[in-house]
Amino acid sequence: MLDLKKHGDVQLRKSRFGHFFQNGDTVCAYHSIKMETVYFPESIFAFIRQCDGATVNHVLSNISQNEKTQFLESFAKIANASILIPNEDDEMKLIRAVKKAAFHGPSIRVMVLHMTYYCNLNCKYCFIEGGLGNDYKRRNMESSVMPNSIDFFSRIISGRSFSKAPSIVFYGGDPLVNWSVMREGLEYLLFLERVDKIGRVDKILIIKGVLVTEDIAIELKRYGVMVSLSIDGPKNLHDANRVASNGKASFSQVMKGFQFLCDAGIKATVSCLMSKSSIGYEKNIMKFLIEDLGITALGFNHVSIVPKVTFYDP
């Protein structure tokens with residue numbers, strides 16, 4: 001980490017893994033190995049570029065007082081992401097570390113618990129539902145599986161260090177269909193944490209949103225669960241594909257569940273699926289998710305291959 005007081009006169013250069021991309025009045029700095037991004041205004045891009053082959057103090061001497069604060073704030077993030085580095089840094093250390101992690105055995109830090117094969121929606125683009133045979137039998141995870149799985153995962157991660165905290169992902173179907181067993185798992189994790197039998201583990205719940213109640217939201221907050229729910233945009237776009245088995249729209253239920261999460265103090269993230277229904281409405285979707293719902297973290301998926309689904313063209 002660069003310290004301005006210590007490294008103000010150190011010659012800098014752009015990392016070989018550092019890249020800058022400009023779109024209008026915004027610039028993205030990206031490290032292709034660490035996969036870290038920093039966004040900053042185009043107005044200071046010229047000064048950031050001057051750091052490649054110069055010292056910070058030299059660049060600062062050419063910046064007006066009004067621009068210094070913004071420059072230093074952006075520079076600190078870019079330097080901490082190792083996009084701008086001291087000239088003498090050996091970047092091959094990073095490559096060697098990546099090779100060691102990749103080619104010296106697995107380092108498992110994520111466990112996905114498939115809570116149920118039941119789903120309360122029948123999304124038109126769902127390749128899972130479309131690919132099930134008539135003889136397929138749905139099941140929920142049994143109560144006995146939960147503590148055994150957590151104990152097994154605890155043994156795997158014990159004594160290991162990770163760049164990110166280990167995590168348990170509750171997945172489905174919709175995991176809340178099997179809420180009672182999931183709650184047992186969360187309670188067991190809480191017990192293990194209290195008696196120091198397991199270190200920090202992120203708990204992640206991926207849901208459709210329609211089964212969230214006020215009580216469930218409060219419980220999720222108590223257990224420190226991070227929640228991601230599926231919203232494809234405003235009502236007309238969401239309801240174009242995300243429907244119940246009876247064909248009824250789901251948007252109103254999802255928004256009700258989303259509000260329960262907000263009221264409980266949970267800042268949910270959103271998974272938004274882009275299909276042909278979304279084309280031409282990208283700005284509307286972003287405005288709705290970011291400005292109307294206040295989402296600060298979201299991811300996008302796209303429908304590309306839908307095996308055995310002949311009734312829907314994505």
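**Helix packing and loop residues**

Colleague: Helix α8 (residues 179-194) and helix α9 (residues 214-222) pack at an angle of about 25°, and their axes are 11 Å apart. Why are α8 and α9 called roughly parallel?

Modeller: First, a word on the source. This is a predicted model, in which local features need pLDDT of at least 70 and side-chain atom pairs count only at pLDDT 80 or more, while totals for chains, interfaces and linings use all residues. Residues are numbered from 1 along each chain as its sequence is written, and side-chain values use heavy atoms, leaving out hydrogens and water.

Now to your helices. They are DSSP runs numbered from the N terminus (H or I, at least four residues; strands are E, at least two). Axes are lines fitted to C-alpha atoms, for helices over the stretch in contact, with angles from 0 to 180 degrees between N-to-C directions. Under 35 degrees counts as roughly parallel, over 145 as roughly antiparallel, 65 to 115 as roughly perpendicular, and the rest as oblique. The angle here is about 25°, so α8 and α9 are roughly parallel to each other.

Colleague: Which residues make that contact?

Modeller: Contact means heavy atoms within 4.5 Å. On α8 the residues are Trp-179, Met-182, Arg-183, Leu-186, Glu-187 and Leu-190, and on α9 they are Ile-216, Glu-219, Leu-220 and Arg-222. They divide into six nonpolar, no polar and four charged. For these classes, Ala, Val, Leu, Ile, Met, Phe, Trp, Tyr, Cys and Pro are nonpolar, Asp, Glu, Lys and Arg are charged, and the others, Gly among them, are polar.

Colleague: What makes α7 and α8 oblique?

Modeller: The axes of helix α7 (residues 145-157) and α8 come within 9 Å and cross at roughly 40°. That angle fits none of the parallel, antiparallel or perpendicular ranges, so α7 and α8 are oblique to each other. Met-146, Pro-147, Ile-150 and Asp-151 in α7 meet Val-181, Met-182, Gly-185, Tyr-188, Leu-189 and Leu-192 in α8. This contact has eight nonpolar residues, one polar and one charged.

Colleague: How do you know that the span of helix α4 agrees with its number of residues?

Modeller: The expected span is 1.5 Å times one less than the number of residues. For the 16 residues of α4 (residues 65-80) that gives 22 Å, and the end C-alpha atoms are 23 Å apart, which agrees. Phe-71, Ser-74, Phe-75, Ile-78 and Ala-79 are the buried residues of α4.

Colleague: Why does Met-35 count as exposed?

Modeller: Buried means under 20% relative accessible area, exposed over 50%, and partly exposed in between (1.4 Å probe, protein chains only). Met-35 has 61% relative accessibility, so it counts as exposed. Met-35 lies in the loop between β3 (26-31) and β4 (36-41), and has a positive phi of about 55° although it is not a glycine.

Colleague: What makes Asp-196 exposed?

Modeller: The relative accessible area of Asp-196 is 69%, so Asp-196 is exposed. Asp-196 lies in the loop between α8 and β8 (202-207), with a positive phi of about 60°.

Colleague: And why is Asn-87 called partly exposed?

Modeller: Its relative accessible area of 41% falls between the two cut-offs, so Asn-87 is partly exposed. Asn-87 lies in the loop between β5 (84-86) and α5 (92-103). Not counting residues up to four places away in sequence, Asn-87 touches Gln-11, Leu-12 and Arg-13.
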